[in-house]
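Have a look at the model below before reading on. The tour that follows goes through the core, the sheet and the charged pairs.

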Amino acid sequence: DTSLYITMEQWFTNTEFFPDGKSMRLWPNPARDFLYCIVPDVFSDQTLRITNLVGNEVYNQKIGNLSFSINIKSYPPGVYFLKLFSSDMQVTRIFVKD
């Protein structure tokens, strides 16, 4: 007889607080037409990439504004990874395209 104890931890996929107290926001999730983002200053003038589940890059852009939207109307429904890169860190968020 085997017992298995599982604990669950709440994990918010649309908000993360960074050491400087600022946050990254990504909404709506799931999204249909546009994905909206607000990112901390550390990602200003850095790279944003979106890949599908198999790792194919579907979007690559340098971040100009810290608040922006991404048109995802033409993306097939599914799960995607939004990746932000800076010289100090990489952050990945998951979102669903309806």
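A nonpolar core here is a set of buried Ala, Val, Leu, Ile, Met, Phe, Trp, Tyr and Cys residues joined through side-chain atoms within 4.5 Å. Keep in mind that this is a predicted model.

With that in hand, which residues of the largest nonpolar core touch the most other members? They are Ile70, Leu82, Leu84 and Phe95, out of 19 residues in that core. At least two core residues each come from β2 (23-27), β3 (34-38), β4, β6 (67-71), β7 and β8. The largest share belongs to β7, which puts in three residues.

Leu82 is worth a click. Leaving aside residues up to four places away in sequence, Leu82 touches a long list of residues, including Met24, Leu26, Leu35 and Cys37. Also on that list are Leu48, Arg49 and Ile50, along with Ile70. Val91, Thr92, Arg93 and Phe95 round out the contacts of Leu82. One of these, Arg93, is also the bridge partner of Leu82 in β8. For Lys83, the bridge partner in β8 is Thr92.

Now for the sheet. Four strands make an open sheet in the order β5-β4-β7-β8, and the pairing is antiparallel. The edges are β5 (57-62) and β8, each of which pairs on one side only. Going from one strand to the next, the twist averages 15 degrees. As for what holds such strands side by side, strands of a sheet pair through backbone hydrogen bonds, either parallel or antiparallel.

Zooming in on β7 (residues 78-85), you can follow its pairing with β4 (residues 47-52), an antiparallel match joined by six bridges. Here Asn52 sits opposite Tyr80 in β7. With β8 (residues 90-97), β7 pairs over eight bridges, again in the antiparallel sense. How many residues does the hairpin from β7 to β8 run through? The hairpin makes the connection through four residues.

Ser86 is found in that stretch, the loop between β7 and β8. Is Ser86 buried or exposed? It's buried: its relative accessible area is 14%, and the cut-off for buried is under 20%. Not counting residues up to four places away in sequence, Ser86 touches Val42, Phe43 and Gln46.

On to the charges. The count of salt bridges comes to two, and both are set out here, with distances given N to O.

| Acidic residue | Basic residue | Distance (N to O) |
|---|---|---|
| Asp98 | Arg32 | 3.8 Å |
| Glu57 | Arg49 | 3.4 Å |

Why does the salt bridge between Asp98 and Arg32 tie together parts that are 66 residues apart in sequence? Because Asp98 lies in the segment after β8, while Arg32 is in the loop between β2 and β3. Asp98 counts as partly exposed, at 42% relative accessibility, whereas Arg32 comes out as exposed at 53%, since the exposed class is for values over 50%.

In the other pair, Glu57 is partly exposed at 46% relative accessibility. Arg49 is partly exposed too, with a relative accessible area of 27%. Arg49 has turned up before, as one of the residues that Leu82 touches, so if you have Leu82 on screen, look for Arg49 and its salt-bridge partner Glu57 as well.

Conventions
Residues are numbered from 1 along each chain as its sequence is written. This is a predicted model: local features need pLDDT of at least 70, side-chain atom pairs count only at pLDDT 80 or more; totals for chains, interfaces and linings use all residues. Side-chain values use heavy atoms; hydrogens and water are left out. Two strands pair if DSSP finds at least two bridges between them. Buried means under 20% relative accessible area, exposed over 50%, partly exposed in between (1.4 Å probe, protein chains only). Contact means heavy atoms within 4.5 Å. Axes are lines fitted to C-alpha atoms, for helices over the stretch in contact, and angles run from 0 to 180 degrees between N-to-C directions. A salt bridge is a side-chain nitrogen of Lys or Arg within 4 Å of a carboxyl oxygen of Asp or Glu.
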